[in-house]
Amino acid sequence: MERAAGSTSGKGQRIALIVLGALLLAAVIWIVLLLNAPPAVPPGSAPPAGSPGASTGSSVSPTASSSASPSGSETPEPSATGTPGTGDLNEAEAANVVWPDPAGGVAYTEPLAAATGFAEDLVGFTDPIIGEFMQGDSRSGEFEVKAAADGPVTTVMVRQMSDGNWYTIGAATSEIEVSVPEAAESIASPVLVQGRARAFEGVVQVAVHGWGSDEALGEGNVVGSGGPDLGPFTGEIEFEDPGSGRGSLVFTVASAKDGSVWVAAALPVGF
């Protein structure tokens, strides 16, 4: 009985030593992990450099967008009133410009915009019908413009100049043929105009414009034919002569229905 009791006591001591050893080992492991753990980061603070949560790049604001704005990627449609700009043409090019002013506040980057600006802003067409661009060479072409679907055609000629912008260089129609003055000719007040025309009651309105201005320097009427055939006209138009610079001579026929611009011809002039 004494040997059994001693044996039992020895086994209990061994078990106790094993448990104690396990506890000591666990304590050592816990201490090692505690010493190697990263420092706590307060809420809202950036993690220290080198820590697993630290960022190696630049920070991005949560409100910043990573995509481009649609307005920065879309190409706007050409406007009839043009876009801000200035021209820088040589003398030969400038002599052929009717609209707009190459040194003014607008420039047209598309041929349609140049034709529309001329038709509406200078000539005064109301809601003109403008046909497809009929290209000549790589830098010129023309548009057919009508006041109404059944109206006569005004052919508006446009050209891209060396500054990269588009200009109207003239307009022609079968209803008005101008023989005097010639395109790009220098004129003085009063200017002699001659040609042939077919118009309501034979009346053709003539206006002298400075570059880029829809306000006439002077205007008047000449009389051609009121019948089915072209009839000759001749007359003198007085205007406020600027003495230098360039502009245009614009011939228009009014609609018999409401007096609006029905058809037009235009050519560049100097002063």
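**Group meeting: a walk through a predicted model**

Okay, let's start with one pair of residues. Val191 has Ile237, over in strand 11, as its bridge partner. That pair belongs to a longer run: strand 8, which covers residues 191–197, is joined to strand 11 by 7 bridges, and the two run antiparallel. If you're new to this, strands of a sheet pair through backbone hydrogen bonds, and they can do that parallel or antiparallel. Before I go on, please keep in mind that this is a predicted model.

So where does that pairing sit? Strands 6, 8 and 11 make up an open sheet, in the order 6-8-11, and the pairing is antiparallel. Strand 6, at 176–180, and strand 11, at 231–237, are the edges; each has a single partner strand, so one side of each has no neighbour in the sheet. On average, neighbouring strands here are turned by 25° against each other, if you ignore direction.

Now let me zoom out for a moment. The protein has 271 residues, and 33% of them count as buried. In terms of elements, you're looking at 4 helices and 13 strands. How much area does the protein expose? About 15900 Å², with carbon and sulfur atoms supplying 56% of that. And for contacts between residues at least 6 apart in sequence, 54% join residues that are at least 24 apart.

Next stop, strands 3, 4 and 5. Strand 3, residues 140–146, pairs with strand 4 in the antiparallel sense, over 6 bridges. On the other pairing, strand 4 is joined to strand 5, residues 166–172, by 6 bridges, and those two run antiparallel as well. To give you a pair from each: Glu144 has Thr155 of strand 4 as its bridge partner, and Arg159 has Tyr167 of strand 5.

Let's stay with Thr155, which lies in strand 4, at residues 154–160. Is Thr155 buried or exposed? The relative accessible area is 18%, and the cut-off for buried is under 20%, so Thr155 counts as buried. And what does Thr155 touch, once you leave out residues up to four places away in sequence? The list is Glu142, Phe143, Gly170, Ala171 and Ala172. If you check the numbers, Glu142 and Phe143 fall within the range of strand 3, while Gly170, Ala171 and Ala172 fall within that of strand 5.

Strands 4 and 5 form a hairpin with 5 residues between the strands, and in that hairpin Gly164 takes a positive phi near 90°. Positive phi turns up in residues other than glycine here too. Take Asp127, with phi near 50°. Asp127 lies in the loop between helix 4 and strand 1, which is at 129–130. With a relative accessible area of 66%, Asp127 is exposed.

My favourite stop is the loop between strand 6 and strand 7. Strand 7 is at 185–186, and Ala183 has its place in the loop just mentioned. Pro181 is found in that loop, and the peptide bond leading from Val180 to Pro181 is cis, with omega near 0°. Then there's Ala184, again in the loop between strand 6 and strand 7, with a positive phi near 75°. Ala184 is partly exposed, at 28% relative accessibility, whereas Ala183 reaches 51% and counts as exposed.

What is Ala183 in contact with, beyond its neighbours within four places in sequence? Leu267 and Pro268. There's a nice distance to go with that: Ala183 and Ala266 are 83 residues apart in sequence, and their C-alpha atoms are 8.9 Å apart in space.

While we're on cis peptide bonds, have a look at Trp99 and Pro100, which are joined by one, with omega about -5°. Pro100 sits in the loop between helix 3, at 91–94, and helix 4, at 111–123.

Last thing, the surface of helix 1. Which residues make the nonpolar surface patch of about 290 Å²? They are Ile15, Val19 and Leu23. Val19 lies in helix 1, which spans residues 2–36, and with 45% relative accessibility Val19 counts as partly exposed.

If you open the model afterwards, I'd suggest going back to where we began, the Val191 and Ile237 pair, and then looking over at the Ala183 contacts with Leu267 and Pro268. That's me done, thanks!

Methods. Residues are numbered from 1 along each chain as its sequence is written. This is a predicted model: local features need pLDDT of at least 70, side-chain atom pairs count only at pLDDT 80 or more; totals for chains, interfaces and linings use all residues. Side-chain values use heavy atoms; hydrogens and water are left out. Two strands pair if DSSP finds at least two bridges between them. Axes are lines fitted to C-alpha atoms, for helices over the stretch in contact, and angles run from 0 to 180 degrees between N-to-C directions. Patches are made of residues with over 30% relative accessible area and no salt bridge: like charges are joined within 9 Å, nonpolar side chains (Val, Leu, Ile, Met, Phe, Trp, Tyr) within 5 Å. Accessible areas come from the Shrake-Rupley method with a 1.4 Å probe; for residues, only the protein chains shown count as cover. A salt bridge is a side-chain nitrogen of Lys or Arg within 4 Å of a carboxyl oxygen of Asp or Glu. Buried means under 20% relative accessible area, exposed over 50%, partly exposed in between (1.4 Å probe, protein chains only). Contact means heavy atoms within 4.5 Å.
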